[in-house]
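Dear colleague,

I am handing over the structure below, together with some notes on its charged side chains. Please read them alongside the coordinates when you have a moment.

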Amino acid sequence: MSGPQSRSAPATFAGVLVLLSLFLAPRPSSAQASPQDSARVLEAARELQEDFERFRESRIPVEVDRTPAACDERIGRICIWFGGEDEADVPAEFREVGQARVELIRSLTDAYDGVRDRWILGQLVHYLVENRNMDEAERVASACGIPETWWCDALRGYTLHVWTRYVDAEAAFRDALASMPEPTHRAWTTPRYVFSSDAREGFEDVPEAERMARWELLWRLSDPLFLFEGNDRLTDHYARLVVAENRRQAAHPQNIDWDDDMEESLVRYGMNTGYSRTHNPAQSFSRGIQDTRRVVGHHHPKSRGYLFPEAFLESPAEVPPESWITAPREARTWYAPLYAPDIRGLETQVARFRRDDRMLVVGAYRPTVPAGEDRVVSAWGPDGGVQGQAGAALFLVPEDGGPWTWVQSQDPEGVLVMEAEPGRYVSSLEVVAPEDRRAWRARQGIVQRPLAPGLVAVSDLVMLRQDAPLPESFEEMIPHVRPGIRVQRGERFPVAWEVYGLGVREPVRVTLGFSRGRPGFLERVGDFLGIIEPERNVDITFDETGPEELVQAVFRSIEVQLPDLDPGEYTLHLRLELPGRDAVVTSRPIIVEG
């Protein structure tokens, strides 16, 4: 929720009379429009638009101000409060406001018939969209009629985005980018406001081709769900820029001059879903006759931060799991996808294996919902409450911007396996409940380098379900992969892995152990190798030998008994020691529950 720290002028009946009289004012025809006539039409249109917004503001019911005294964040004159579910409880628009908007649209249409001006066109499309006249808004934007055709394409993209036609919207915005002036193109393809100032400087201080490649990668990875066609997070960003352009020289419901703080608030937090008007009786008493009413803009209550983290844009494959679905207080920019405004983290376990010169990626998943304090249940289970069909998919998005690969399923819980070239990727495991407009996702970086001849490597560790039989092969393991990393205190469960590059009957010492916490990768390895003293290690060590004949992969599994650990985060380690070779280590974070 955001509200500017300024007072709104009180509404007057005279203002409404002026509005109605302007609606009835004659409009010059296009054949008669001289430069002086055009200027008068444009000025009259501006007055109409301003009078409508003042009328709209006057019809927002006034409530007692219950917003916190301190701002959660301040942007210039704008005070930001992070609300909750009550953000959706905004007053409904009065009928007379809708009627006044219809009259404004008629007047703007008449004005545009007489004067083909980009400002009038922008306002006309804006209010057509606000009135949900989507067909007409698209028709008007497509017909264009002004020299700045890029602006027509941008308005068409805005219309199509609000219409939820995201593929068409992106195509329209790309048409706009291709023909807009260079300074405008630069401004539209720079992460103004959504990045910190340091990250923005770093983004701009690279050659143009690299800058544009990063721009494309940023929004590609910021798409909330790859399961849905089109990149609605990208088109929403461009739509915000269109609204900012329209508001720059126009009135708006919050009744303060448009400036950089208003634009930053819009670009970061998105379009308002509604408005309320408040007043503070205590301030009214202390300020005498001063008006303490103000208009507060509201955002979607499920807004979250989906923008790919700026710190990893140079190396996306290094991004840790789910570091960029963030709550409003942690996010620099917000968004709520209409097709699934409630996106939660997905319980999953993703692992890499090798096959010849290819990479196998295994992803086990289980969507969950809260079921009381510190307890979750399967979303499609008897206590989960989610019904209807499910859609699931595992995606691999290359860091270099190449085509992605994916595998799909309609099972709400299961295991997906896909094959790809070794490389640097961001993976996304997604599940959606279309009827409930809910979704779950898990994203993380994945790196797999080709194995050089003569070296030994190990796959990721894979934890299996508690009741799973001990598998003897990769194929036997797949149906039993545990969908997530939660384990119960004292639980017994199988663990599986593969080793690559072992010599015939080569001796191997295997150590499986736990250490407390989920630190960074180098620190985890340091703990396990004895470089750093851990708080508590519990190890299992045994000896074995390599295969009887040369094979590419050696599959191994073992059942482990979880030590009597306190609930919390731990790391499960596997270490292979081979005579004359460097030790090989892999790790899997786990969560121990009581």
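The notes below deal with salt bridges, then with a polar contact, and finally with a patch of surface charge.

Please keep in mind throughout that this is a predicted model. As general background, side chains of opposite charge can pair when their charged atoms come close. Counting a side-chain nitrogen of Lys or Arg within 4 Å of a carboxyl oxygen of Asp or Glu as a salt bridge, the count for this model comes to 50 salt bridges.

One of these joins arginine 240 to aspartate 236, with the closest N and O atoms 2.6 Å apart. Both residues belong to helix H11, which covers residues 232-247, and they are four residues apart, about one turn of the helix. Arginine 240 and aspartate 236 are both buried.

A second pair has another setting: aspartate 543 forms a salt bridge with arginine 509, and here the closest N and O atoms are 2.8 Å apart. Because aspartate 543 lies in strand S22 (residues 537-545) and arginine 509 in strand S21, the pair ties together parts that are 34 residues apart in sequence. As to accessibility, aspartate 543 is exposed, with a relative accessible area of 53%, whereas arginine 509, at 40%, counts as partly exposed.

A further salt bridge links glutamate 577 with arginine 575, the closest N and O atoms being 3.7 Å apart, and glutamate 577 is itself partly exposed, its relative accessible area being 30%. Salt bridges also link several residues into a network, which consists of Glu53, Arg56, Glu93, Arg101, Glu130 and Arg247.

Turning to the polar contact, the side chains of glutamate 506 and arginine 581 are joined at 2.8 Å. Glutamate 506 is found in the loop between strand S20 (492-500) and strand S21 (507-516). Is glutamate 506 buried or exposed? With a relative accessible area of 11%, glutamate 506 falls under the 20% cut-off, and so it counts as buried.

Lastly, there is a patch of negative charge on the surface, where Asp198, Glu201, Asp205 and Glu310 gather. Of these residues, aspartate 198 lies in helix H9, which spans residues 197-204. Aspartate 198 has a relative accessible area of 61%, and because exposed means over 50%, this residue is classed as exposed.

With best regards

Definitions and conventions:
Residues numbered from 1 in each chain as written. Predicted model: local features only at pLDDT ≥ 70, side-chain atom pairs only at ≥ 80, totals over all residues. Heavy atoms only, no water. Patch = residues over 30% accessible without salt bridge, like charges linked within 9 Å, V, L, I, M, F, W, Y side chains within 5 Å. Areas by Shrake-Rupley, 256 points an atom, 1.4 Å probe, with all protein chains shown as cover. Lys, Arg positive; Asp, Glu negative; His and termini not counted. Charge placed at Lys NZ, Arg CZ, Asp CG, Glu CD. Helix = DSSP H or I, 4+ residues; strand = E, 2+ residues; numbered from the N terminus. Buried < 20%, exposed > 50% of the residue type's maximum accessible area, 1.4 Å probe, protein only. Polar contact = N/O pair within 3.5 Å; in protein donor to acceptor, adjacent residues only side chain to side chain.
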